[in-house]
Amino acid sequence: MSSRIRWGIMGSGRIARKFASDLRYVEGAELVAIASRSPEGAASFAADFPLPFQHPTYEALARNPAVDVVYVATPHTLHYENTLLCLDHGKAVLCEKPFAMNRHQALSMIERARDRKLFLMEALWTRFLPHFDKVREMVDQGLLGTLRSLLVNFGFRPWAPVPQRLFDPALGGGTMLDIGIYNVFMALSFLGRPDHVEATMTPAPTGVDAQCAVLFRYDRGALAQLFSSFYTSLATEADICGEAGRIRLTSRFYEPGTVIEFYPGALDTRQIIPCHKEPGFGYQFEARHVCECLQAGLPESPVQSHAETLLLLETLDRVRHRAAIRYPTDPEGGLF
């Protein structure tokens with residue numbers, strides 16, 4: 001593959017625009033194409049981000065020989081079919097989270113990529129942010145000792161007009177797949193696969209979860225308590241707690257603007273841990289990693305592997321099963 005990686009973006013919404021903006025910070029990356037479900041959407045996007053190709057259909061983008069890799073930034077329920085479309089036309093794919101609606105879909109997507117010998121990765125951007133790497137390093141160094149608990153909350157009240165996707169089951173609405181996924185990701189990253197899952201939710205009028213409380217229990221004695229909500233604005237913080245200390249990620253723990261607070265003892269022992277900062281929204285880190293993988297000819301990321309994506313979807317399925325969160329895309333007979 002050429003040292004210059006040519007990107008296409010599928011979907012023209014808010015997150016697609018942030019990703020496009022951050023590509024300018026990725027050496028060797030070039031945005032060449034946009035596809036939207038409407039010509040107006042593609043034209044509006046191209047007006048802000050000038051590029052050679054504006055496609056009125058997703059298939060047109062997938063067929064474009066000038067595109068090396070596609071960033072899939074469409075609604076949750078379209079990730080499966082959009083990713084397969086790209087793979088079937090020989091395109092590498094970075095697919096926005098949630099990678100799929102369930103593990104069954106995710107496994108099919110990964111198998112298709114392996115059959116086609118094409119790169120495929122879940123766009124879980126937090127995994128590539130400098131503050132996450134720093135926290136991972138601190139934990140691996142044993143600064144917290146044996147980990148015993150993890151507390152994460154993520155909640156906000158949507159501003160009017162409320163985006164349809166947040167509460168529409170046909171679009172994968174609800175807190176768990178939209179924001180609760182970050183909470184689950186944090187628990188898996190630091191405590192691993194839970195031995196037991198408990199969950200309950202408050203249904204919105206549409207039936208999706210308007211808020212969800214989750215408890216992961218581990219046979220070794222660790223616990224993770226996770227809460228997500230569209231009804232209340234929460235602190236959106238994360239605490240990673242061990243026998244020797246605690247790390248607190250302040251407001252918006254999943255974004256590069258969070259602050260790492262380290263408590264090696266009581267509350268008055270707080271230390272602010274510096275970490276690398278860059279301009280932009282923070283999507284350049286995952287995009288940079290994808291470019292490096294493609295240039296090296298790798299079939300999957302060594303950082304966000306297929307196995308990690310499958311574990312995340314499996315765990316989300318377990319949560320949804322316990323909390324009775326259902327979608328039309330679920331396989332017949334249920335998730336388990």
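Let me start with F154, which at 5% relative accessibility counts as buried, and which, in this predicted model, leads us to several of the features I would like to show you. F154 makes a tilted aromatic pair with Y182, the ring centres being 5.8 Å apart and the planes 35° from one another. Because F154 belongs to strand β7, residues 147-155, while Y182 belongs to helix α7, this pair ties together parts that are 28 residues apart in sequence. Y182, for its part, is buried as well, with a relative accessible area of 7%. The two rings do not stand alone, since F154, Y182, F253 and Y254 form one aromatic cluster.

Stepping back to the whole structure, we count 13 aromatic pairs. One of these is formed by F132 and F190, again tilted, at 5.6 Å centre to centre and with 50° between the planes. Here F132 sits in helix α6, residues 130-140, and F190 in helix α7, residues 175-191, so that the pair ties together parts 58 residues apart in sequence. Both F132 and F190 are buried.

A further contact with an aromatic ring involves a charge: the charged end of R246 sits over the ring of Y263, at 4.2 Å from the ring centre.

Let me turn now to the pocket. What is the volume of the largest pocket? The computed value is about 1,200 Å³. Its lining is made up of 40 residues, and those that lie nearest the centre of the pocket are R14, I15, R165, L166 and D178. Strand β7 and helix α7, which we met through F154 and Y182, each supply at least two residues of this lining, as does α1, residues 14-22. In terms of residue character, the lining of the largest pocket divides into 18 nonpolar, twelve polar and ten charged residues.

Finally, the cysteines. How many disulfides does a search of the whole structure find? The search finds zero. For C86, which is in no disulfide, the nearest cysteine sulfur is that of C95, and it lies 8.9 Å away, whereas a disulfide would call for two sulfur atoms within 2.5 Å. C291 is likewise in no disulfide, the nearest cysteine sulfur being that of C293, at a distance of 9.4 Å. As for their surroundings, C86 is buried with a relative accessible area of 0%, and C291, at 2% relative accessibility, also counts as buried.

Notes:
Residues are numbered from 1 along each chain as its sequence is written. This is a predicted model: local features need pLDDT of at least 70, side-chain atom pairs count only at pLDDT 80 or more; totals for chains, interfaces and linings use all residues. Side-chain values use heavy atoms; hydrogens and water are left out. Buried means under 20% relative accessible area, exposed over 50%, partly exposed in between (1.4 Å probe, protein chains only). Rings of Phe, Tyr and Trp (its six-membered ring) pair if their centres lie within 6.5 Å; planes under 30 degrees apart count as stacked, over 60 as edge-to-face and the rest as tilted. Helices (H or I, at least four residues) and strands (E, at least two) are DSSP runs, numbered from the N terminus. A charge sits over a ring if NZ of Lys or CZ of Arg is within 6 Å of the ring centre and within 35 degrees of the ring normal. On a 1 Å grid over the protein atoms alone, a cavity is a set of points where a 1.4 Å probe fits but cannot get out, and a pocket is an open set with protein on both sides within 12 Å along at least five of seven lines; lining residues have an atom within 4 Å of a point. Grid points are joined across faces, edges and corners, and a volume is the space filled by probe spheres set on the points. Ala, Val, Leu, Ile, Met, Phe, Trp, Tyr, Cys and Pro count as nonpolar, Asp, Glu, Lys and Arg as charged, and the others, Gly among them, as polar.
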